[in-house]
Amino acid sequence: MAIRRVQVLVLFAIAMIISGMTLVVPDGVGKLPTWAGEKSVNTAAAVLVVLGGVGGLLATRHLRTICGDLSRQVIARQRTGEMTPVRASDHALAPLAGSINNLLQSVQSQLADARRHNQELEIQLKVVQIEREHAQSIIHSISDAVLVTDPWDELVTANDAAARTLGFRMPEQGRRPVAELIKDARIIAMICEMRATRSANGRRTVEHPIGDRTFKVTLSCLPGSGEGGGGVVAVLRDMTREAEVAQMKNDFVSHVSHELRTPLASIKAYVEMLVDGEAQDEKQKSEFYEVIQNEANRLGRLIDNILDISRIESGLVKVNKQALSVTVVVKEALELITPQASGKNIRIVDQVAPAMYQAMADKDTFHRAVLNLLSNAVKYTPAGGTITAATSVDEAAKRITIRISDTGVGIPPKDLPFVFDKFYRVEANKGMAKGTGLGLSLVKHIVENVHHGRVFVESTVGVGSSFGIELD
């Protein structure tokens, strides 16, 4: 619009110049005098220059105005982040505005792509963080000691078991070389050697002592793309208890073999004598038969005790707990043991309370435990001695106690802690009676593992022993 106004002004000025030139023509003369024509031309030129300057100034101002308007629109969108199209106030700048809008549209598309990519990265980061926390939780929940190092032999993570076992503290920030945290040179060497192999599928297992304990150290390489390969995972499992259990199993087999061999040897020997006709008469044959029968019974008891202990330890024994009269069980056991005690001239003293004390117990196994204590007392009480069976109840603690006391040979103090162990027999008393060393062990398993009670023993050498059972 401003350009059109300038054009109008220029045409108007030209018209004025032409009009001015005509007015100075003298009367009756048809052409312009020279001096008047030159003056008019100079005036016209001056007017044109002025009008051109004014038009240029107006055009510049107009361009500056519309360009400034476009600039303000772009700056406003830059501040607010909006990507709405800009509008040109003059159609002459419409191509420029269109180019700016195309650029804005392209930027808007790129920003949208960048936002989507950023959201995907944030989701992936959250997933990685969750997986890392999950892995950390798993590592810390493992009872074995776990160490994880990176390709530069720096400690990445470790659980509490590893810190306790190897005696170090996890750094609060950053990673530190494993050699600065762990003082065990052998563990450090194994980690470095394992990393140097660069075998992602390899695994190495080594037994390594730490203090008075033995550990099985399992090392595995983590996959890695760098020249140094990945890190190393080291798992330390305490094998001390397993080694002890393995030794106990070996001892158990050894003891069982020995105990089975003894009665079998006796049975075999007497059978051979019978076959060879060494028995001269029926009386001697009867003696041989009795020995064979006694050894066979002993062998049967040994096998029964071994099986019963095995079932109890493995939890396979069938238990039927019910309200049971302790008095009745003890009296039944006394009736069964009385003939055996009478054969050795041992007096049985019944101090079982007449009150019907009841406890939640399995009758068969509990009866066997009481009978084993009475049988053990008869074995180690000399002829003419006394065995006393007594029961008592602690109303406040709601506890029933059964005590079997004898006037036997007693147990040395050094042997007292072991009398309930499998196959343990007091060396000083082995000559008094044959046994397998399983009777008291079976009592302990029945009372503590099946009935969750307690067994105890008190003894004085040469005076006698007192074995007891406590049930809640």
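**A buried helix and its surroundings**

The buried residues of helix α10 are T365, F366, H367, A369, V370, N372, L373, L374, S375, N376, A377 and V378. The model described here is predicted. Helix α10 runs over residues 363-379 and has 17 residues. From the first C-alpha to the last, helix α10 reaches 24 Å, close to the 24 Å expected at 1.5 Å a residue. Twelve of the 17 residues of α10 are buried, so this helix is largely enclosed by the rest of the structure.

Several of these helix residues meet I469, which lies in strand β13 (residues 464-471). Leaving aside residues up to four places away in sequence, I469 touches F366, A369, V370 and L373. The other residues touched by I469 on this count are I400, T401, I402, V447, R454 and F456. I469 has a relative accessible area of 1% and is buried. Between I469 and V443 the C-alpha to C-alpha distance is 9.1 Å, while the two are 26 residues apart in sequence.

Strand β13 also holds E470, the partner of R454 in a salt bridge. The closest N and O atoms of R454 and E470 are 3.1 Å apart. R454 belongs to strand β12 (residues 454-460) and E470 to strand β13, so the pair ties together parts that are 16 residues apart in sequence. The two partners differ in exposure: R454 is partly exposed at 40% relative accessibility, whereas E470 is buried with a relative accessible area of 17%. A burial cut-off of under 20% relative accessible area applies here, so a value of 17% falls in the buried class. R454 and E470 are also members of a network of salt bridges that links them with R399 and D472.

The count of salt bridges comes to 15. One of them joins the side chains of R195 and D153, at 2.8 Å from N to O. R195 is in helix α6 (residues 185-197) and D153 is in the loop between β1 (145-149) and β2 (154-158), so this pair ties together parts that are 42 residues apart in sequence. D153 is buried, with a relative accessible area of 12%.

Another salt bridge lies within a single helix. The side chains of E448 and K444 meet at 3.1 Å, N to O. Both residues are in helix α11 (residues 439-450); because they are four residues apart there, about one helical turn separates them. E448 has a relative accessible area of 25% and is partly exposed. K444 also counts as partly exposed, at 28% relative accessibility.

The loop between α11 and β12 contains H452. H452 has a positive phi of about 55° although it is not a glycine. Its relative accessible area is 60%, and H452 is therefore exposed. A positive phi of about 60° is found at N345, again not a glycine. N345 sits in the loop between α9 (326-343) and β8 (347-351). With a relative accessible area of 57%, N345 is exposed. Most residues other than glycine have a negative phi.

On the surface, L103, V107 and L111 form a nonpolar patch. Together these three residues have about 230 Å² of accessible area. V107 is placed in helix α3 (residues 94-141). The relative accessibility of V107 is 31%, so V107 counts as partly exposed.

For the chain as a whole, the secondary structure comes to eleven helices and 13 strands. Of the 472 residues, 35% count as buried. The chain exposes about 29,200 Å², and carbon and sulfur atoms supply 56% of this area. Among contacts between residues at least 6 apart in sequence, 57% join residues at least 24 apart.

The mean pLDDT of the chain is 78, and 76% of its residues reach 70 or more. Over residues 18-37 the pLDDT is below 50. Beyond near neighbours in sequence, the stretch of residues 18-37 has ten contacts in the model.

How values were computed
Residues are numbered from 1 along each chain as its sequence is written. This is a predicted model: local features need pLDDT of at least 70, side-chain atom pairs count only at pLDDT 80 or more; totals for chains, interfaces and linings use all residues. Side-chain values use heavy atoms; hydrogens and water are left out. Patches are made of residues with over 30% relative accessible area and no salt bridge: like charges are joined within 9 Å, nonpolar side chains (Val, Leu, Ile, Met, Phe, Trp, Tyr) within 5 Å. Accessible areas come from the Shrake-Rupley method with a 1.4 Å probe; for residues, only the protein chains shown count as cover. A salt bridge is a side-chain nitrogen of Lys or Arg within 4 Å of a carboxyl oxygen of Asp or Glu. Helices (H or I, at least four residues) and strands (E, at least two) are DSSP runs, numbered from the N terminus. Buried means under 20% relative accessible area, exposed over 50%, partly exposed in between (1.4 Å probe, protein chains only). The expected span of a helix is 1.5 Å times one less than its number of residues. Contact means heavy atoms within 4.5 Å. pLDDT is the predictor's confidence in each residue, from 0 to 100.
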